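Got the viewer open? Let's take a short walk through some charged pairs and a few cysteines, one selection at a time.

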Amino acid sequence: MNTCGIIQSVLSLAVDKKLTIPVIVCTFGAWPSPEGRSEVIVHPAASSLWGLVRTVHAEKVYSNVFIADIQVPVNRMTSQFFSSVAGYFSSAYEHRENREYIITENKVFLNHISVLDKGTGVPLYREVNLDLNSNVVIMSQDINGVASPVAVKTDKVFRADASQIVVKPHLFALPSPHLLKMGMSLEESTVGPNKHPVFAVESIWQSAEKPQNLIVSCCPVHVATTVTVPSETAIETSAIPDYHPGDLTTLVLLFSLADKIKATDITIIVPDTNKSLAEIMEMILKSRDSVASVQVMTSEDLHTTKVKSTALVSLVLLDDVIMGLLARQWENAKYLVTSGLTGLGWICVKYLAENGAGNIAILQRRSPSEDHIANITALSQTFHCNIEVFQTDITKFAQTQDALTCLQERFPKARLKVLGNQGQTNYCAGNAFLDGLAYFRRSLGLAAQSLSWGPLNVGLLSDKESVKQKLETSGYLLMSVQEIRDSLSPLLMLNWPHCSPVKLDEKRFARRLAGNSDHSLLARLQMSVSLDEQTGGNEVTVDIHAAKSLDPERRQQTCSSYITNLACKILTIADRSLVTMDTSLVDLGFDSISSRMMIDQVYKDTGVELTLLPFVTGEATVRTLAEIVNKMIA
């Protein structure tokens, strides 16, 4: 018997026997160890089981269901241990609203949902763990320098002599916005020609001996995951009175920059409004015997003059025009987007092209139409990138393997990154499998992120007012194309293994959860939303109790009012005029959960047992349900 069948049998028995004892589903390795234990390996199949149990809980098949990932050595999984686990679930009333746990030898961890909002700090870059010996250098392509950073992988090995130290900073102080970004050349073998790296003057990290102490180095470095600095430039920040990151930068930036430039011919780019900065830099550089020539150019000169120098110093904000003239980013990488011709996939393709991706491969089951080809051609020509479509069904292993082989032949020197739409797997267990797969790949040091998108105003949902209204009654708002695009960069930079970008009407959503008695999810979301406003209240049951003694016409009116009020309460609809006598309740937002709530409440109030059939067929209206109730209580 498979696992699903076992769970179904156990829960059916519990319901038949009217049990109230907790049913605990135990897995091993469904999620990574919260204690960082390397022996705990994530198994996506176990993760998918959590998806099944979540569905059981959402459908309220049996209310007292828990799931726990047991992360203890096999020799400790004794009957005595599991008895203590069962005892915990029976006695830990303060945690009963939580349904998901990770249990280790000495601790119990509760599932917590992290909320990404405007106050969440977004890193400027994320580590790429494709090679543990690799370093990541940050390249700039945006008008604000590092507002849209590009991470470039390099295999350079960092070694320090007696006078240097190799560190991993957690904070960089970038140059003053008045001095702007420094444009200096790196080795071509590291980042290629015509690339513009981001530099910092101050690097800050934690002391290895005393982690509570911070150390700052005042020395220009490439903003990267690993840097080498002279040991004599490092000092504890506590030794600098009232130190703030960036204080030292203003004092020594120009001199430090000049000291790091080793080229013999140099070009300085300067804005028309502040040429004095270039004059100071030019004077410093020309004082050296090794410097053969220094050329000063304004940003306007770049339109007509080619930069031939081996070193470039930029004292001007790098806008899209200047970056287009100086460098093309990501030219040696390829990006694979599944279902990339429409909807969310096409948004990702455009996002990649507009942010400098050189090669984009689209895997699509159907061949592209003439409109698709025209859109791809226009996008490719506008952003000078190579976009190709590979027709394949990714659910067929052999076809996918052939497509990847063909892709490698077309882009032989490029490295591959994959973007896909998790929403194509329309089952809770399948989505949980993908979540577990992301954690599994992370445990192997491989790249992976699982994004569970909420409702999007693209594809099948685009401009569907009836669907939009149904979702809004549940607290969900459709994300626009621009909102999707704005979400991609922070989500990728945060580098969380699993994240759910979703747009909510928090008050409606919180009321819906409260109405469904889903206090567990409501508590985990930690919503600070007032639920004082109630719809319906006691009036839902008062009139129906008195209806039995009324004449048939007035009894039908009372039943209609009762069903209307109950529907408004379940869907948290404040405007009762939306619920007319013949409006389909399914169109208003009734699903399997809310339909069951309606059936249970009607039975509790009247003793009338409605069936799910009218909700499934869409025939459930105030009129049809009121007629059933009226007939049964007469």
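One cut-off before we start clicking: a residue is called buried when its relative accessible area is under 20%, exposed when that value is over 50%, and partly exposed in between. Also keep in mind that you are looking at a predicted model.

**Stop one: Arg54 and Glu100**

Select Glu100 to begin. Is Glu100 buried or exposed? Its relative accessibility is 7%, and since the limit for buried is under 20%, Glu100 counts as buried. Now add Arg54 to the selection: its side chain makes a salt bridge with Glu100, and the closest N and O atoms sit 2.7 Å apart. This contact ties together distant parts of the chain, with Arg54 in helix α2 (residues 44-58) and Glu100 in strand β3 (residues 100-103), 46 residues apart. Unlike its buried partner, Arg54 is partly exposed, at 28% relative accessible area.

**Stop two: Arg76 and Glu105**

Next, pick Arg76 and Glu105. Here the closest N and O atoms of the salt bridge are 2.4 Å apart. Both ends are in loops: Arg76 lies between β2 (65-70) and α3 (79-91), while Glu105 lies between β3 and β4 (108-110), and the two are 29 residues apart. Colour by accessibility if you like: Arg76 comes out as partly exposed at 38%, and Glu105 is partly exposed at 37%.

**Stop three: Glu483 and Lys503**

Jump along the chain to Glu483 and Lys503, whose side chains form a salt bridge with an N to O distance of 2.9 Å. Which elements does this pair connect? Glu483 belongs to helix α13 (residues 481-494) and Lys503 to strand β23 (residues 503-504), 20 residues apart. Glu483 is partly exposed, with 27% relative accessibility; Lys503 is partly exposed too, at 30%.

If you want to keep hunting, a search of the whole structure turns up seven salt bridges, the pairs above among them.

**Last stop: the cysteines**

Now switch to the cysteines. How many disulfides does the structure hold? Zero. To see one reason, select Cys218 and draw a distance from its sulfur to the closest cysteine sulfur, which is in Cys219: the gap is 7.7 Å, too far for a bond. The cut-off for a disulfide is a pair of cysteine sulfur atoms within 2.5 Å. While you are there, check the surface: Cys218 is partly exposed, with a relative accessible area of 23%. Finish on Cys406, which is partly exposed at 27%.

Technical notes. Residues numbered from 1 in each chain as written. Predicted model: local features only at pLDDT ≥ 70, side-chain atom pairs only at ≥ 80, totals over all residues. Heavy atoms only, no water. Buried < 20%, exposed > 50% of the residue type's maximum accessible area, 1.4 Å probe, protein only. Salt bridge = Lys/Arg side-chain N within 4 Å of Asp/Glu carboxyl O. Helix = DSSP H or I, 4+ residues; strand = E, 2+ residues; numbered from the N terminus.
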